[in-house]
Amino acid sequence: MEQTLPFEKPLIELQAKISELKSVTESADIDFTEEIKHLETKFETLQKEIYSNLEPWDRVQIARHTMRPTSLDYIHAIFDDFIELHGDRNYGDDEALIGGIASIDGQAVTVIGHQRGKATKENIRRNFGMPHPEGYRKALRLMKQAEKFNRPIICFVDTKGAYPGKAAEERGQSEAIARNLVEMAGLTVPVLSVVIGEGGSGGALGISVANRIYMLENSTFSVISPEGAASILWKDASLAKDAAEAMRITAPNLKEMAVIDEIIPEVLGGAHKNPEEQAEFVAASIRQGLQDFKDFSKEQLVNQRYDKFRVIGSFEQ
Amino acid sequence: MSIKNIFSKTKPNKVKKAQVQHDIKAGVMHQCSECKHVMVTKELQKNLYVCPKCNYHNKINSQQRMNLVIDEGTFQSIDDNLKTTNPLGFPGYVEKVQVDQAKTGLNEAVLTGIGQIDGQTIVLAVMDSFFRMGSMGSVVGEKITRAIEKATELKVPFIIFTASGGARMQEGALSLMQMAKTSVALEKHSREGQLYVSVMTHPTTGGVSASFASVGDINLAEPQALIGFAGRRVIEQTVREKLPDDFQTAEFLLKHGQLDKIVPRHEMKDTLSTIVRLHTKGDN
C-alpha cells in the first residue's frame, strides 16, 4: 500500500467517499452521478489547496517519503549509457554514495549521488543513504576522473547525513568531507548539484560545492535535522515540526537566503506521485545548466564557484 | 603515623580543605580537572595552562593562544568590526552573542590577524571556545575566509588554531555554507602554492572538523584534544557499542593516520616556526 502522509488525510477520506458512491451507483438502483461529479470537483480543489500550502514539516515528510525517487531513479530516467563505477581504490565500495559515467544528448558526463534504499533490505545494504569516508573518496575519485576527461559532473544530494559511526571516525569522516569541499572548489569542469530529498549537513555538502545548486520544491537542506535541532533547542525531539519551520530548511527559504540557486518544481503532491514526469522536470534543469556553463573556460568555472560561495552569509560591518 | 596525630587528625585537615576550596574559588589555587592535583594558579599560568602533574592541556582563550605563538608586539588583528545578525530570527540570539562579546572582548568566536613567528610573517586565526563554544556562524566564516584571502594576497602561510563545537545552529544553513566558503578560499591559497597549517585544539568537532580543520598541508593537534565528526553520544546511540576511552582524541587520530603530529603547548611556537621556515622559498 502506498504510504500516505498526515496532511493528505482529508484527501484520502474524500477519495474513499467517492469510491463508495461509485460502487453504490454501479450495484444499486440509486444514481449518484451528480454527487460524484460534485465531489470530484471538490477533490481537485482541495488537492490544489493542500499541495500549494505545504508547511515546512509537510515538505520534510514528502522529502522522506519511502517511494520518493532516488538518485538511481533519476540517473536511469534522465541519462543514457550509465555505467556504475565502484570503489575508492583505497578501502572499499560504499553503496550509500554511488557514481559512474553516462551520457545526456550524446554528451558524456559523470553522475554521482547519495543512494538510499526503498525497502528495508536495500536500505541496510546502502546504510540508509548515509555514507562512510570511502563514499566521499570514491566521489572525489570520479570527480577528478571527470576533470581529466573534461566532462561535466552532476551530483544528486539525498542523505540524512554522513554516517556517525566508529569506523567512519577511524577512517576520517571529517577529512573525507573536508577534502571534497576543497577539491570541488578547484574543479575545472561544470558541476551541478541537485538536492532531490534530504540534504543533511556536511554529508550533503560533501558533494554540493557546485557551480549551481538546484533543489526540488519539497526537498530540504539543513545544518541539522529538525529532530536534532528540536532536542538541542527545546530538549524535546517531538517538537521537530516547529524546528523545521524555525531552521528554514525548505527550498523557498534557502533560495531567499541565496544558499541555493534554483528551485525545480514538483508534480502535484510530490515527486513520488509521478516519478517519470518529475524526471523530465529535473532533466530540463540539468540540460539548461549544462547549456549555461558550456562556454565557460576552466578559469571562469573556478571563479564562478568562488564568487558564488564567497558571498554566502549574513553580517554587518 | 605518630600517636599525637591520631587525636588531631580530622580537624586540621578539614580546615586545610576548606581553605583550599576557598582559594580555588578565589582563583588563587587551581585544581586540575583531570588528575585533581591542586596547584597555585600562578604556577599553572607559568606552565602555559598545562597541568605540571598530568600534562592536561587546559583550554585557553584566543588572546592567550595568540600570545604563545606570535612574537610580542607584532600582532595586528583584522576584521574586528564585523557584526553578527539574526538571519533566522532566533529569539535571544543576538543578546547571547553580546553577552559573549562582553565576556571575551571579541566581536565573534575567532580572532584573526597578521603577525610574526620568529620574525616570519604569517596570517593567524584562533578560534575561541569561550565564545558560543567556538561555533561557526556567518561572521566566523567570513573572518576566517578574509584571513585566508589576506594570506593569499600577502603570499604568506596561513595558520589556524581550531576550537569549535561545529556549525552554529542559530544561523541554520548559512552556518553550514561557511564550510564551503572557507574551502573555496583555502583552495585558492593552496593553488598559489602557499602553506596552510591547521592546529586542532580541544574541542574540534562537527562542521569545523569536517572542513578547514582537517585539510592543512600539515595537521597538528594538542595532546588529548577531542577531535571528531559526530558527537560521542550520537555514535554510541547509532552503533550501540562501547567506544574506547581514547575515542576521538588527538592520540586516536594519530594512531589512525589522521594527524601529522601531536605537539605539546610548550613546543608549539618552535614547531610552527620550523615548519614555516622549511616552507620559505629561497628568494625570501
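Let us start at a single rung of a sheet in chain B: B:Val110 has B:Met127, in strand S6(B), as its bridge partner. The model we are walking through is a predicted one, so please read each contact below in that light.

That rung belongs to a longer ladder. S5(B) and S6(B) run antiparallel and are joined by eight bridges. The two strands form a hairpin with two residues between them, and there B:Asp118 adopts a positive phi near 50°. Strand S5 of chain B covers residues 110-117, and because seven of its eight residues are buried, it is largely enclosed by the rest of the structure. S5(B) has another partner as well: strand S3 (residues 76-77) of chain B pairs with it in the antiparallel sense through two bridges. In that pairing, B:Ser77 is matched with B:Gly113 of S5(B).

Now step across S6(B) to its other pairing. Strand S6, residues 120-127 of chain B, pairs with S7(B) over four bridges, this time in the parallel sense. Here B:Leu124 finds its bridge partner in B:Ile159 of S7(B). How many residues of strand S7 (residues 158-164) of chain B are buried? Seven of its seven are, so the strand is mostly covered. In a regular strand, side chains alternate between the two faces of the sheet. S7(B) can be read in that way: B:Phe158, B:Ile160, B:Thr162 and B:Ser164 point to one side, while B:Ile159, B:Phe161 and B:Ala163 point to the other, and all are buried.

It helps to step back and look at chain B as a whole. Its secondary structure amounts to 11 helices and 11 strands, and its C-alpha trace spans about 75 × 50 × 40 Å along the principal axes. Of the 284 residues in chain B, 54% are buried. Among contacts in chain B with a separation of 6 or more, 67% link residues 24 or more positions apart.

The helices of chain B are worth a visit too. Two packed helices are described by the angle between their axes and the distance between the axes. For helix H4 (residues 62-69) and helix H11 (residues 265-278) of chain B, the axes come within 8 Å and cross at roughly 55°. That angle makes H4(B) oblique to H11(B). On the H4(B) side, B:Arg65, B:Leu68 and B:Val69 meet B:Arg265, B:Met268, B:Lys269 and B:Leu272 of H11(B). By class, this contact has four nonpolar, no polar and three charged residues.

A second helix pair takes us from one chain to the other. Helix H14 (residues 298-310) of chain A packs with helix H7 (residues 172-191) of chain B at an angle of about 140°, with the axes 8 Å apart. H14(A) is therefore oblique to H7(B), and their crossing is left-handed. Residues in H14(A), including A:Val302, A:Tyr306 and A:Phe309, meet residues in H7(B), among them B:Met177, B:Val184 and B:Lys188. The contact comprises seven nonpolar, no polar and six charged residues.

Our last stop is A:Glu175, which sits in helix H8 (residues 173-185) of chain A. Is A:Glu175 buried or exposed? With 18% relative accessibility, A:Glu175 counts as buried, since the cut-off is under 20%. Beyond its neighbours within four places in sequence, A:Glu175 is in contact with A:Arg137, B:Ser214 and B:Gln258. Its C-alpha also lies 8.1 Å from that of A:Pro133, although the two are 42 residues apart in sequence.

Definitions and conventions
Residues are numbered from 1 along each chain as its sequence is written. Chains are lettered from A and ligands numbered from 1 in the order in which they are written. This is a predicted model: local features need pLDDT of at least 70, side-chain atom pairs count only at pLDDT 80 or more; totals for chains, interfaces and linings use all residues. Side-chain values use heavy atoms; hydrogens and water are left out. Axes are lines fitted to C-alpha atoms, for helices over the stretch in contact, and angles run from 0 to 180 degrees between N-to-C directions. Angles under 35 degrees count as roughly parallel, over 145 as roughly antiparallel, 65 to 115 as roughly perpendicular and the rest as oblique. A crossing is left-handed if the near helix is turned anticlockwise from the far one by less than a right angle, and right-handed if clockwise. Contact means heavy atoms within 4.5 Å. Ala, Val, Leu, Ile, Met, Phe, Trp, Tyr, Cys and Pro count as nonpolar, Asp, Glu, Lys and Arg as charged, and the others, Gly among them, as polar. Buried means under 20% relative accessible area, exposed over 50%, partly exposed in between (1.4 Å probe, protein chains only). Two strands pair if DSSP finds at least two bridges between them.
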